[in-house]
Amino acid sequence: MAFSFWGGIHPHDNKQYTRDLHVQQFPAADTLVVSMSQHIGVPCEPLVKKNDPVKKGQKIGDNTGLCVPVHSPVSGTVKAVEARPHSSGVTVMSVVIQNDHQDTLCEDIRPRTQEEVDALSAQELISIIREAGIVGMGGASFPTHVKLSGGIGKIDTIIVNAGECEPYITADDRLCREMPRELISGIQIIMRILGLSEAHIGIEDNKPEAIRALKANVADSGVIVDILPAKYPQGAEKQLIQAITGRQVPSGGLPAEVGCAVINAATCKAIHDAVYEGMPLIQRIVTVSGDILMEPKNLLVPIGTSYNDLLEACGHSERPYKVLCGGPMMGVAQFDLSVSTVKACNAITILGKKNRFTVNDPHCIRCGKCIDVCPMHLMPVLMYKALYSNEIEEMNQTHLMDCCECGCCAYNCPAGVPLVLAFRSGKQKLRDAAMAAKK
């Protein structure tokens, strides 16, 4: 049974640019920049130095604690180990690799037979997932092995997120259509780890071909395809849980508190690749789309590929007004197109000047339209007032930290108030205040 969630919006999906385009392998560039910070947690420490030779799939960064390793997407030579721009807007330590175009595989990489996979314990599977550097590939980038190991004995419902509700993005749609067997294989590995016999794939009803491909491959797998009405932000973790199970994650809580684990579809495919092929996460599907692109594409992109290389491959009819890592609702605007793709980058969206919607000196008119669409049951009008007044206690009382930054309020605001930007700033103020209180 499919439920619904409060609020939400129905923006133009603009998926017609790429929904019917097959995934193409993007050729690895001469130089790739692999960031040491591609997950939530402790950044990796480089394991290589300048002039070191590297092989495809070789581990080049790792650390202890909440961390997963990163691997070389190509074989070649380390050109530099230095700080480089990151798509998050900061500079981070990175390994710059000169590609030799030989694709020499690391000796540690080897496929496993079905018998070998069947003999693996849950902890061995988790270790393989960790060593493959797998993270949440829908944007959160939380280390997957931590989510799975922490869910053993606590989780009764696995939900695979194939909703992909953001406009323009079709990477997971194409994954479901072109690689359903590998996707379902990855889900079955997760089911083994968590000791469950059933899992759910949540997918919106505007992806009929993907739904058919999934249903054709789920027989006797224990995987159920849940078809959900298209509504943004259907793919948000808490909203997807409510839509499929009817359960509501409490304020400040995590999905595990209501017995759920939500895993992105691309993450499941990466788990299959790691367990069966022995291949770490060194490439991913990226939708490169937008209203000014001459040839929008779905590309299988080596991690570390420059945005400039991807834009050049697609071409554009005018100077981009905005380039986003992600979609137009939650994507992060880029200040430097020399930044490289990371594991959580499912799309690069390029928008022209007709998408420039700015208002000089915007003022809230207290119409309440932001309240009508907030999927978190929040009151953005009061959150903004507290933030504008710099009232820390009021910000806490309005549950500002529960904002999922989906952008529904800003999309629906007739006054053009940059609400999401304001709330991100407010969250940082609350974190700073909390840190100051501890001292």
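Strands are DSSP runs of E with at least two residues, helices are runs of H or I with at least four, and both are numbered from the N terminus. The model shown in every view is predicted.

**Figure 1. Surroundings of serine 289 in strand S13.** Strand S13 spans residues 283-289, and serine 289 is part of that strand. Because buried means under 20% relative accessible area, serine 289, at 1% relative accessibility, counts as buried. When neighbours within four places in sequence are set aside, the contacts of serine 289 are Tyr17, Thr18, Tyr168, Pro296, Ile348, Thr349 and Ile350. One of these contacts, Tyr168, appears again in Figure 2.

**Figure 2. Two residues with positive phi in the loop between S9 and H4.** Helix H4 covers residues 171-178, and glutamate 164 is placed in the loop that precedes this helix and follows S9. Although glutamate 164 is not a glycine, its phi is positive, at about 45 degrees. Glutamate 164 has a relative accessible area of 8% and is therefore buried. Tyrosine 168 also lies between S9 and H4. Its phi is positive as well, at about 75 degrees, and tyrosine 168 is likewise not a glycine. With a relative accessibility of 6%, tyrosine 168 counts as buried.

**Figure 3. The open four-stranded sheet with parallel pairing.** The strand order in this sheet is S11-S10-S9-S12. Strand S11 (223-228) and strand S12 (260-264) each have a single partner strand and form the edges, so one side of each has no neighbour in the sheet. From one strand to the next, the twist averages 25 degrees. Strand S9 (residues 157-161) pairs with strand S10 (residues 199-204) in the parallel sense, over three bridges. Asparagine 161 has glycine 202 of S10 as its bridge partner.

**Figure 4. Helices H6 and H7 across the sheet, with a cis peptide bond in the loop before H7.** Helix H6 (residues 208-215) lies across S10 and S11 and runs at about 160 degrees to S10. Angles over 145 degrees count as roughly antiparallel, and the direction of H6 relative to S10 is therefore roughly antiparallel. Helix H7 (residues 237-245) lies across S9, S10, S11 and S12, and its angle to S9 is about 120 degrees. The loop between S11 and H7 contains proline 233. Tyrosine 232 and proline 233 are joined by a cis peptide bond, with omega about 5 degrees.

**Figure 5. The buried side of helix H3.** In helix H3 (residues 144-151), the buried residues are Thr144, His145, Leu148 and Gly151. They span an arc of only 140 degrees around the axis, which places them on the same side of H3. Among the elements that cover these residues are helix H2 (122-131), helix H5 (180-194), S12 and helix H8 (265-277). Glycine 153, just after H3, adopts a positive phi of about 85 degrees.

**Figure 6. Packing of helices H5 and H8.** The axes of H5 and H8 are 7 Å apart, and the packing angle is about 80 degrees. The two helices are therefore roughly perpendicular to each other. On the H5 side, Glu182, Leu183, Ser185, Gly186, Ile187, Ile189 and Ile190 make the contact. Helix H8 contributes Ala265, Cys268, Lys269, Ile271, His272, Val275 and Tyr276.

**Figure 7. Members of two separate nonpolar cores.** In soluble globular proteins, nonpolar side chains tend to be buried together. The largest nonpolar core of this model has 51 residues, of which Ile134, Leu183, Ile187, Ile190, Ile193 and Val275 touch the most other members. A second core, separate from it, has 20 residues, including Leu400, Cys403, Val420 and Phe423. Apart from neighbours within four places in sequence, isoleucine 193 is in contact with Ala122, Leu125, Ile126, Ile129, Leu148 and Ile152. Among these contacts, Leu148 is one of the buried residues of H3 shown in Figure 5.

**Figure 8. Antiparallel pairing of S5 with S3 and with S6.** Strand S3 (residues 45-46) and strand S5 (residues 59-62) are paired in the antiparallel sense over two bridges. In this pair, glutamate 45 stands opposite aspartate 62 of S5. Strand S6 (residues 70-71) also pairs with S5 in the antiparallel sense, again over two bridges. Here glycine 61 is opposite valine 70 of S6.

Notes
Residues numbered from 1 in each chain as written. Predicted model: local features only at pLDDT ≥ 70, side-chain atom pairs only at ≥ 80, totals over all residues. Heavy atoms only, no water. Core = buried A, V, L, I, M, F, W, Y, C linked by side-chain atoms within 4.5 Å. Buried < 20%, exposed > 50% of the residue type's maximum accessible area, 1.4 Å probe, protein only. Contact = heavy atoms within 4.5 Å. Pairing = 2+ DSSP bridges. Axes fitted to C-alpha atoms, helices over the stretch in contact; angles between N-to-C directions. Arc of directions from axis to C-beta. Parallel < 35°, antiparallel > 145°, perpendicular 65-115°, else oblique.
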